[in-house]
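Reader: Please take one part of this model and look at it closely. I would like the strands, their partners and what lies beside them in sequence.

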Amino acid sequence: GGNVPSMMPSRKGQMMPGGDAAELCGVVFMYMNDKYKVLVGGQGGWKSCAPTQYDDMVAVGGGGGATSIAQMMEFDAGDDTGPMQVPIMVAGGGGGATSAKVGLSASLDEEGVDGSGIMGSTGG
């Protein structure tokens with residue numbers, strides 16, 4: 001994910017890293033004329049926010065982007081027809097950092113359980 005400059009006096013000049021997106025690997029059998037949609041997430045940037053009530057400067061940033069692969073299909077349910085996206089693989093994105101906390105990386109668990117942190121953002 002995007003790195004955010006620390007505003008904490010004890011970490012002045014250091015960067016607080018954003019969380020990493022998950023990596024995945026698999027085998028997908030594709031056939032001629034099948035259609036797929038691949039969405040690739042990017043690394044988040046950062047920006048400085050307005051001073052807090054304590055006159056502290058705060059910066060926030062985005063984490064690592066999620067990525068997914070879906071097969072495009074047509075469905076027919078009587079009067080309701082149209083395109084449908086069937087997910088094949090999804091890799092969650094990492095959590096964004098703040099000037100005080102690092103972002104957590106995406107879960108590598110099959111159930112997609114997210115990370116959590118006090119005042120830090122979670123990975124997807």
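Author: Start with a patch on the surface. Val27, Phe29 and Tyr31 make up this nonpolar patch, and together they have about 430 Å² of accessible area. The model is a predicted one. Valine 27 sits in the loop between β2 (15-16) and β3 (35-40). Its relative accessible area is 70%, so valine 27 counts as exposed, the cut-off being over 50%.

That loop leads to β3. How many of the six residues of β3 are buried? The number is zero, so β3 lies largely in the open. Buried here would require under 20% relative accessible area.

Now the pairing. β3 pairs with strand β6 (residues 67-77) in the antiparallel sense, over six bridges. Several positions show the register. Lysine 35 stands opposite methionine 72 in β6. Lysine 37 faces alanine 70 in the β6 strand. Valine 40 has threonine 67 of β6 as its bridge partner.

Threonine 67 also leads on to the next strand. Its bridge partner in β7 is alanine 91. Threonine 67 is thus bridged to valine 40 and to alanine 91. β6 pairs with strand β7 (residues 80-91) over eleven bridges, again in the antiparallel sense.

The link between β6 and β7 is a hairpin, with two residues between the strands. Glycine 78 is in the turn and has a positive phi of about 75°.

Put the strands together. They form an open sheet of three strands, in the order β3-β6-β7, with antiparallel pairing. Which strands stand at the edges? They are β3 and β7; each has a single partner strand, so one side of each is left without a neighbour in the sheet. On average, neighbouring strands of this sheet are turned by 30° against each other, direction ignored.

Two general points help in reading the picture. Strands of a sheet pair through backbone hydrogen bonds, parallel or antiparallel. In a regular strand, side chains alternate between the two faces of the sheet.

Back to β3, then. This strand is at an edge of the sheet, and none of its six residues is buried. Its partner is β6. Before it in the sequence comes the loop that holds valine 27, one of the residues of the nonpolar patch.

Methods:
Residues are numbered from 1 along each chain as its sequence is written. This is a predicted model: local features need pLDDT of at least 70, side-chain atom pairs count only at pLDDT 80 or more; totals for chains, interfaces and linings use all residues. Side-chain values use heavy atoms; hydrogens and water are left out. Patches are made of residues with over 30% relative accessible area and no salt bridge: like charges are joined within 9 Å, nonpolar side chains (Val, Leu, Ile, Met, Phe, Trp, Tyr) within 5 Å. Accessible areas come from the Shrake-Rupley method with a 1.4 Å probe; for residues, only the protein chains shown count as cover. A salt bridge is a side-chain nitrogen of Lys or Arg within 4 Å of a carboxyl oxygen of Asp or Glu. Helices (H or I, at least four residues) and strands (E, at least two) are DSSP runs, numbered from the N terminus. Buried means under 20% relative accessible area, exposed over 50%, partly exposed in between (1.4 Å probe, protein chains only). Two strands pair if DSSP finds at least two bridges between them. Axes are lines fitted to C-alpha atoms, for helices over the stretch in contact, and angles run from 0 to 180 degrees between N-to-C directions.
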